[in-house]
Amino acid sequence: MTPGNAVCAYGVVAKRKLPSRLARRGIRLVGHGSVAALVARVSAEPQRATRRALLDHAEIVEDAYSWTTILPLRFGSVFPDEAAVRELLLEPNADLFEQLLERHAGVAELTLKASYDQEALLAELVASGPGLGRLRERYRSQPTLENGIALGEKTAALLEARRDRDADRILRTIEPLALDLRVGDVGLEGGVVNLAVLVERSRVGEVEDWLEALSRDLSPPIRFRLVGPLPPYSFIDVPVAVAA
Amino acid sequence: MAVMQRESSAGYITRAPRSSGLADVLEILLDRGLVIDAFVRVSLVGIELLTVDLRVVVASVDTYLRFAEAVNRLDLRAVDESRSVPELFEKGSEEVAQSESKGAIEGGMDAIKEKVGLGGGGERDKEEEDKEESGSRGGRGRSNQ
């Protein structure tokens with residue numbers, strides 16, 4: 001490794017002239033055949049995985065995406081120098097990248113996270129039938145461990161059933177519009193779905209309209225966070241050979 | 001960053017044309033995208049550790065926001081009975097998101113930086129060591145060619 005020449009690679013595009021706004025922020029194109037990688041000199045080495053660095057990466061990739069089709073690289077893809085980007089990344093994978101660039105032209109990734117207003121949901125579950133209300137009254141008048149567990153167990157079961165039902169409704173709304181879907185981990189308490197949706201770029205507005213219609217129909221409130229159009233981060237999960 | 005908020009009777013949709021915060025980008029940047037073999041990534045310091053901790057920070061922020069919303073709602077309800085719960089909820093979450101989340105994430109990041117030794121100028125010597133160490137590790141792979 002030649003110290004000081006290390007570069008971070010952000011994504012792969014079809015080779016053409018780099019827009020000046022990207023050039024101005026220190027981005028360079030390293031080309032091979034018809035493909036090229038967007039790179040920038042790494043100022044400090046080892047590079048730090050800071051909040052700023054993560055947001056910068058996203059910003060550069062999304063800026064490039066507003067210019068052309070881009071295959072984003074995972075955060076932190078650092079190469080010893082520009083020659084290594086050509087030799088290790090572009091040369092061995094040029095055909096694969098050409099295919100992927102063709103496949104992803106004109107499409108967009110949307111990330112959709114849905115979560116409950118937990119309190120409103122609990123209130124509705126209590127109101128929706130006599131079962132939970134009775135357990136609640138019993139626990140209120142006799143707050144024993146046994147009554148607490150009975151109330152909690154019933155609540156958890158109702159919550160889970162409700163989440164499965166709502167997740168299914170959201171999926172069925174999105175599926176007809178999606179070219180592809182990735183279902184992610186809901187993780188946090190209160191989460192309903194965590195989706196990456198691949199759609200034609202021209203249909204992004206439709207997804208929003210369908211969700212809008214669905215949310216009017218859902219009770220209790222589900223909060224949707226829809227981010228995009230983004231480059232296809234979640235849909236280029238193909239093995240990339242790297243000569244070592 | 002332009003964030004358009006749509007509201008409807010039963011829920012609401014927050015729509016961001018681009019990723020606009022750590023919570024939006026963390027998963028796609030760290031888990032998705034074209035993956036390059038580990039040797040190329042060697043010069044990124046502490047990524048594994050940071051990855052784990054970052055997730056914890058983001059998760060905690062989300063939890064804090066919910067607490068904050070709940071508390072905020074209770075206060076407001078006592079002050080002004082006339083406002084509807086959904087209205088309070090939206091207002092609360094927006095205010096909290098704007099005022100609290102940034103600080104919380106940054107505070108969390110500071111703590112992480114401190115933990116992994118990425119803090120201020122006092123860490124220079126250690127950083128220099130790290131740099132040399134990583135340089136020689138990275139160099140091994142290349143010198144074979």
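Which residues is Ser34(A) in contact with, leaving aside its neighbours within four places in sequence? Select Ser34(A) to begin the tour, bearing in mind that the model is predicted. The residues to highlight beside Ser34(A) are Ala14(A), Lys15(A) and Glu98(A). Lys15(A) stands 19 residues from Ser34(A) along the chain, yet 5.3 Å separates their C-alpha atoms. Ser34(A) counts as exposed because 12 other C-beta atoms lie within 10 Å, and a residue with 12 or fewer is classed in that way.

**The hairpin around Ser34(A)**

Next, display residues 27-32 and 35-41 of chain A, which are strands β2 and β3; Ser34(A) belongs to the loop between them. The two strands run antiparallel and are joined by six bridges. To see one of these pairings, select Val30(A), whose bridge partner in β3(A) is Ala37(A). Together β2(A) and β3(A) make a hairpin with two residues between the strands. In the turn, select Gly33(A), where phi is positive, at about 60 degrees. Most residues other than glycine have a negative phi.

**The nonpolar core**

Keep Ala37(A) selected and add Ala9(A), Val85(A) and Leu110(A): within the largest nonpolar core, which has 67 residues, these four touch the most other members. Colour helix α3, residues 82-103 of chain A, as well; with seven residues it provides the largest share of this core.

**From Leu110(A) to a cis peptide bond**

Now centre the view on Leu110(A). Not counting residues up to four places away in sequence, Leu110(A) touches Val197(A), Val199(A), Val204(A) and Val207(A), among others. Its contacts also include Leu226(A), Val227(A), Gly228(A), Pro229(A) and Leu230(A). Of these, select Pro229(A), which lies in strand β10, residues 222-230 of chain A. The peptide bond leading from Gly228(A) to Pro229(A) is cis, and its omega is near 10 degrees.

**Helix α2**

Move to residues 51-65 of chain A, the 15 residues of helix α2. From first C-alpha to last, this helix reaches 21 Å, close to the 21 Å expected at 1.5 Å a residue. Which residues of α2(A) are buried? Select Arg51(A), Leu54(A), His57(A), Ala58(A), Ile60(A), Val61(A), Ala64(A) and Tyr65(A) to see them.

**The whole chain**

Finally, zoom out to chain A, whose secondary structure comprises seven helices and ten strands. Of its 244 residues, 36% are buried. Among contacts between residues at least 6 apart in sequence, 72% join residues at least 24 apart.

Technical notes. Residues are numbered from 1 along each chain as its sequence is written. Chains are lettered from A and ligands numbered from 1 in the order in which they are written. This is a predicted model: local features need pLDDT of at least 70, side-chain atom pairs count only at pLDDT 80 or more; totals for chains, interfaces and linings use all residues. Helices (H or I, at least four residues) and strands (E, at least two) are DSSP runs, numbered from the N terminus. A residue is buried if 20 or more other C-beta atoms lie within 10 Å of its own, exposed if 12 or fewer, and partly exposed in between; C-beta atoms are placed from the backbone. Two residues are in contact if their C-beta atoms, placed from the backbone, lie within 7 Å. A nonpolar core is a set of buried Ala, Val, Leu, Ile, Met, Phe, Trp, Tyr and Cys residues joined through C-beta atoms within 7 Å. The expected span of a helix is 1.5 Å times one less than its number of residues. Two strands pair if DSSP finds at least two bridges between them.
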